[in-house]
Amino acid sequence: MALKHEPTTPYHSAREALWVLETIARHSDGVTDTALARRTGLGDRRLTPLLRMLRREGYVERTTDGAYVTGAVLTRLASAQDRESALREKLQHTLDRLRDSVGAAVYISRYVDGEIRVDQYAAGPTTPVVHEWVDFRYSAHATAIGKSLLGQLDREGRRDHLSRHKMARLTSRTITSDKLLLSRLEAQPPSSPVLDLQEYAVGTVCAAVPITDGSSVGCLALSLPVSDAHRLRQAADRLHRHATPLLLSLAI
């Protein structure tokens with residue numbers, strides 16, 4: 001199965017952030033923002049928000065003399081012994097903050113061994129999680145998560161998945177034609193969120209954006225009750241803009 005990679009804004013930002021981190025890591029005594037700009041070739045308009053994000057996420061720290069050094073979070077994520085638990089903790093912290101920022105339940109999902117897998121999520125009393133009344137593994141055709149992940153596969157990969165999972169009608173809005181679904185996936189711009197407008201469950205709307213890194217396929221998603229459907233696109237755009245920290249954590 002090949003992947004259909006289309007670089008997105010979070011992907012580019014994460015690559016630039018990694019570049020900045022690598023530059024800082026090479027200077028154990030610290031490096032100034034002026035030196036970082038010179039070494040990375042990034043102007044102030046790009047470098048300043050990247051450094052702000054890296055400090056907020058704990059990847060870098062600023063010394064009293066204004067130089068940047070690697071932070072405790074980066075050190076822990078880079079540790080082979082503690083990486084798995086550190087990554088899960090870091091992702092959960094970021095998801096919790098995203099949930100509060102967008103006002104919706106948020107999810108990280110991946111496509112692993114030919115199946116949909118929701119790895120982590122953040123929800124709360126006012127941001128309820130989607131009721132999984134049909135296993136997400138068998139309903140990719142109807143969910144924002146599933147369509148986002150399938151959209152990152154090549155045509156053969158998509159057809160293989162649909163051949164193994166019947167496209168059942170879950171609501172009156174569910175697409176059950178593989179031809180129609182495949183054409184919509186093909187036409188979906190990589191920079192635009194994938195939406196689920198009550199296709200999986202009546203009363204719930206969802207959106208998902210890709211967070212693909214390397215050979216893995218993943219997405220970041222949110223769900224809202226249909227009474228908040230008027231907020232969906234704005235929340236999805238906000239989710240997309242704030243996907244960089246998650247993608248960066250997965251890439252380190």
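**Notes on the model: cysteines, Gln120, α6 and two positive phi values**

1. Let's start with Cys219: its relative accessible area is 0%, so this cysteine is buried (buried means under 20% relative accessible area, exposed over 50%, partly exposed in between, with a 1.4 Å probe and protein chains only). Bear in mind that this is a predicted model, where local features need pLDDT of at least 70 and side-chain atom pairs count only at pLDDT 80 or more, while totals for chains, interfaces and linings use all residues. Numbering runs from 1 along each chain as its sequence is written, and side-chain values use heavy atoms, with hydrogens and water left out.

2. How many disulfides does the structure hold? Zero, taking a disulfide as a pair of cysteine sulfur atoms within 2.5 Å. Cys206 is in no disulfide, and its nearest cysteine sulfur, that of Cys219, is 11 Å away. Looked at from the other end, Cys219 is in no disulfide either, with the sulfur of Cys206 as its nearest, 11 Å away. Cys206 has 11% relative accessibility, so it counts as buried.

3. Gln120 is worth a look. This glutamine lies in strand β4, residues 115-122 (helices, H or I, of at least four residues and strands, E, of at least two are DSSP runs, numbered from the N terminus). Gln120 counts as buried because its relative accessibility is 5%.

4. What does the side chain of Gln120 pair with? It makes a polar contact with the side chain of Gln92 at 3.1 Å, and one of its polar atoms lies 3.2 Å from the backbone oxygen of Arg88. A polar contact here is a pair of N or O atoms within 3.5 Å; within protein, one must be able to donate a hydrogen and the other to accept it, and residues adjacent in sequence count only if both atoms are side-chain atoms. Setting aside neighbours within four places in sequence, Gln120 is in contact (heavy atoms within 4.5 Å) with Arg88, Leu91, Gln92, Leu95, Val106, Tyr107 and Ile108.

5. Helix α6, residues 144-151, is mostly covered, with seven of its eight residues buried. Those buried residues are Ala144, Ile145, Gly146, Lys147, Ser148, Leu149 and Leu150.

6. Now the backbone. Most residues other than glycine have a negative phi. Asp113 has a positive one, near 50°; its place is in the loop between β3 (105-112) and β4, and it counts as exposed because its relative accessibility is 78%. Gln198 also has a positive phi, about 60°, although it is not a glycine. This glutamine sits in the loop between β5 (194-197) and β6 (204-210), and its relative accessible area of 17% makes it buried.
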